[in-house]
Amino acid sequence: MSSGAADLRQRKKQNCTESDKMAPEERNKENSKLGRSPKYMLIQRFAKLFFGCLAAVTSGMMYAVYLSTYHERKFWFSSRQELEREITFQGDSAIYYSFYKELLKAPSFERGVYELTHNNKTVSLKTINAVQQMTLYPELIASVLYQASGSEEVIEPVYFYIGIVFGLQGIYVTALFVTSWVMSGTWLAGMLTVAWFIINRTDTTRIDYSIPSRENWALPYFACQVAALTGYLKKNLNCSAEKFCYLLVNASTYTFMMMWEYSHYLLFVQAVSLFLLDSFALAQTEKVHEVYRIYLFSLIGGYLLQFENSALLVSPLLSLVAALMLSKSLQMNMKKSAFVSRLLKIMYIYLVLTVAVTLNFILKMFIPHKENGHLLKFIEVKLGLNTTKNFTMNWLLCQESLQAPSQDFFLRLTQSSLLPFYILVLIICLFSVTQVIFRRICGEPLREAVKLEDGRIGERPEIVYHVIHTILLGCLAMCLEGMKYLWTPYVCMLAAFGVCSPELWMTLFKWLRLKAVHPILLALILSMAVPTIIGFSLWKEFFPRIMTELTELQEFYDPDTVELMTWIKRQAPVAAVFAGSPQLMGVIKLCTGWMVSSLPLYNDDDLLKRNENIYQIYSKRSAEDIYKILTSYKANFLVIEDSICNEVGPARGCRVKDLLDIANGHVVCEEGDNYAYSKYGRFCHEIKMNYSPYVNYFTRVYWNRSYFVYKINTVISFQS
């Protein structure tokens, strides 16, 4: 492997010197044979590049406008008052936007950042560094742009905020367009990628449900990184293009890591893909290790700017990168010994994995960290290796995004013709890659340039990378439905690339050994005809549905929540602390600014414990127990939601009250029968009866059809 790596490095050095000098002469000779002048070819390439870029940018802009229009139609956003607009932000989205509001209200940006990093006005009895714990860099950037651009007199803060998010989604689509264009050589593939992405919007993006979520801010940068990495891995890339792709990979990787707390896990999956690509010597080793250095730089930079976030130091990405670099160093030091070199080549994967696991274990032993330990427990329970009655764990397992994908998901992808073409493209690419790996094992070197008539699409490193990457993401998506938002966009891109790529059709025809029709001509025809037919059928079937979405006015109005927020702002003391479900607490914090006892965040053990304790208001516990829990968090008001207390869905056993009963041991299931062991009724029901001892601890001060608000009385002593 050391000799192969040396050859690849030598080829890389020549790429920016000899290849750049020889390429114009070779092109001139080829053009003269075809009867075309260099000037004609230059104009042709410029026109192709210009119209392709125009189509890519236009697609992104149109998608951003589409999202904005759909959002307006769905919520009647422009005709709502500020309070009604803010209620459309639910759960964790409300928390993120509330900090954006606080930054704009601060006397200065520096003061606003200080208040966020030393925040004691959000959660009672708790001072948090909100910038680190909630990854608030998107809100910091948005507030700076809003104030620096002088937009206060032009546009309202909420429109500026969601406008940035919609604009990033446009960049997301543009990056996917460019990736499929670079892979296939035709921007027709980019158009088909965008069409599939929009048609399958339910499964490609979560923008409808949670606009300020971290992934909506981060994934566009990851898509840009993937596009740049695709170009960077290409063979025979000229020096200027290679440097541009390298710089773009640098910038987008670091930005992506700063935007999302879970970004290093996704980069770990990408690093594994590159590791497998390099292990079979299907790419230039030096390029792959340059990407590893980018990971290392991004991790160190992220650690420093995220207030020494120790989770990055114990991340599997850092351990893998360090193991890869150490293994490379061992290979270079032992390259003179042929026997040791071959032995290392055989044991390379085992060596890297062993060193990575060992290093990660050592780092976790010596570096204090608050990595999400509940994630490991969740994986154990999810895989059936363990069982638990813990409320938080079972509540997470019941979330739709953390369950296996439903049949409806695959049915939707099939109806849009995406899944069948993806499987076809994936099978062809996999077989071709397998052939290439077999040839490499047999000692056959890779070709410097793969021509169309060769029918060897598996020798292109960028194609192999995407095949491995999409398989790994697909495996995750088959386990957790929430991962489909990472996988499905690249399914759109890979399927569009395949049907529009003459090389893929030529690879198939080489296997079939066509003789009746010239395979190159047929490949060129199919690469144009098949996507055209797909595009026409998609236009005919789905375009009317999309237009109906944009023309139909949907009614979103929640008067009960509006009344609750209005009452809190008018009647509750400024220093009051509210307790209730975490999702509602996020909305109260955003709409009123009052302090709350819990937040809808699941990356902090203390907050998870708080959420479980506050949820006890829906369990079969005594009034005294609930009172002790609430006063321990200095809560002054309790909000009970009728929708949770009288919940009839989802499936029995996943309701909040069912999970609480199981965790508290108040219900035991035997042969399908439920046996209750609690001597108390359900608190949220009993408190509405207004009898002792509940009235001794709680006084109802407000109610409507959906919410019941109780003031927590000051009680001197308890009587058993």
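A charge sits over a ring if NZ of Lys or CZ of Arg is within 6 Å of the ring centre and within 35 degrees of the ring normal. The legends below describe close-up views of a predicted model.

**View 1. Two arginines lie over aromatic rings.** The charged end of R700 is placed over the ring of W703, at 4.4 Å from its centre. R201 takes up such a position over the face of Y70, where the distance to the ring centre is 4.7 Å.

**View 2. F431 and W511 form an aromatic pair.** The model holds 41 aromatic pairs. In the pair shown, the ring centres of F431 and W511 are 6.1 Å apart and the planes meet at 75 degrees; planes over 60 degrees apart count as edge-to-face, so this pair is edge-to-face. The two residues come from distant parts of the chain: F431 belongs to helix 22 (residues 418–441) and W511 to helix 25 (residues 502–512), with their positions 80 residues apart. F431 has a relative accessible area of 52% and is therefore exposed, since the cut-off for that class is over 50%. W511, at 30% relative accessibility, is partly exposed.

**View 3. Six aromatic residues are linked into a cluster.** The members are F222, F256, W260, Y262, Y265 and Y490. Ring pairs make the links between them.

**View 4. The largest nonpolar core has 169 residues.** In soluble globular proteins, nonpolar side chains tend to be buried together. Within the core of 169 residues, the members that touch the most other members are M134, W196, L274, Y295, L564 and F578. Helix 9 (residues 157–184) supplies the largest share of this core, with 15 residues. A second core, separate from this one, has 37 residues, among them W395, Y618, I629 and L630.

**View 5. M134 and its contacts.** Which residues are in contact with M134, leaving aside its neighbours within four places in sequence? They are I95, Y96, F99, I128, R214, L599 and L601. M134 is also one of the members of the largest nonpolar core that touch the most other members.

**View 6. Five strands form an open sheet.** The strand order is 2-1-3-7-6, and the pairing is mixed. Strand 2 (595–596) and strand 6 are the edge strands, each pairing on one side only. In this order, strand 7 stands between strand 3 and strand 6.

**View 7. Strand 7 and its two partners.** Strand 7 (residues 707–712) is mostly covered, with five of its six residues buried. On one side, strand 3 (residues 637–641) runs antiparallel to strand 7, and five bridges join the two. Here V639 is placed opposite V709, and F637 is placed opposite K711. Strand 6 (residues 698–703) also pairs with strand 7 in the antiparallel sense, over five bridges. Y702 stands opposite V709 in this pairing. Strand 6 is joined to strand 7 by a hairpin of three residues.

**View 8. R460 is a buried arginine in a loop.** The loop that holds R460 runs between helix 22 and helix 23 (461–479). Is R460 buried or exposed? Its relative accessible area is 9%, and buried means under 20%, so R460 counts as buried. A polar atom of the R460 side chain lies 2.7 Å from the backbone oxygen of M183. Not counting residues up to four places away in sequence, R460 touches V182, M183, K234 and E503.

**View 9. A cis peptide bond leads into P693.** The bond from S692 to P693 is cis, with omega near 10 degrees. P693 is part of the loop between helix 33 (683–686) and helix 34 (694–697). That loop between helix 33 and helix 34 also holds N690. N690 has a positive phi of about 60 degrees, although N690 is not a glycine. With 40% relative accessibility, N690 is partly exposed.

**View 10. S417 has a positive phi.** The angle is about 65 degrees, although S417 is not a glycine. S417 is located in the loop between helix 21 (407–415) and helix 22. The relative accessibility of S417 is 19%, and the limit for buried is under 20%, so S417 counts as buried.

Terms used
Residues numbered from 1 in each chain as written. Predicted model: local features only at pLDDT ≥ 70, side-chain atom pairs only at ≥ 80, totals over all residues. Heavy atoms only, no water. Phe/Tyr/Trp six-rings, centres within 6.5 Å; stacked < 30°, edge-to-face > 60°. Helix = DSSP H or I, 4+ residues; strand = E, 2+ residues; numbered from the N terminus. Buried < 20%, exposed > 50% of the residue type's maximum accessible area, 1.4 Å probe, protein only. Core = buried A, V, L, I, M, F, W, Y, C linked by side-chain atoms within 4.5 Å. Contact = heavy atoms within 4.5 Å. Pairing = 2+ DSSP bridges. Polar contact = N/O pair within 3.5 Å; in protein donor to acceptor, adjacent residues only side chain to side chain.
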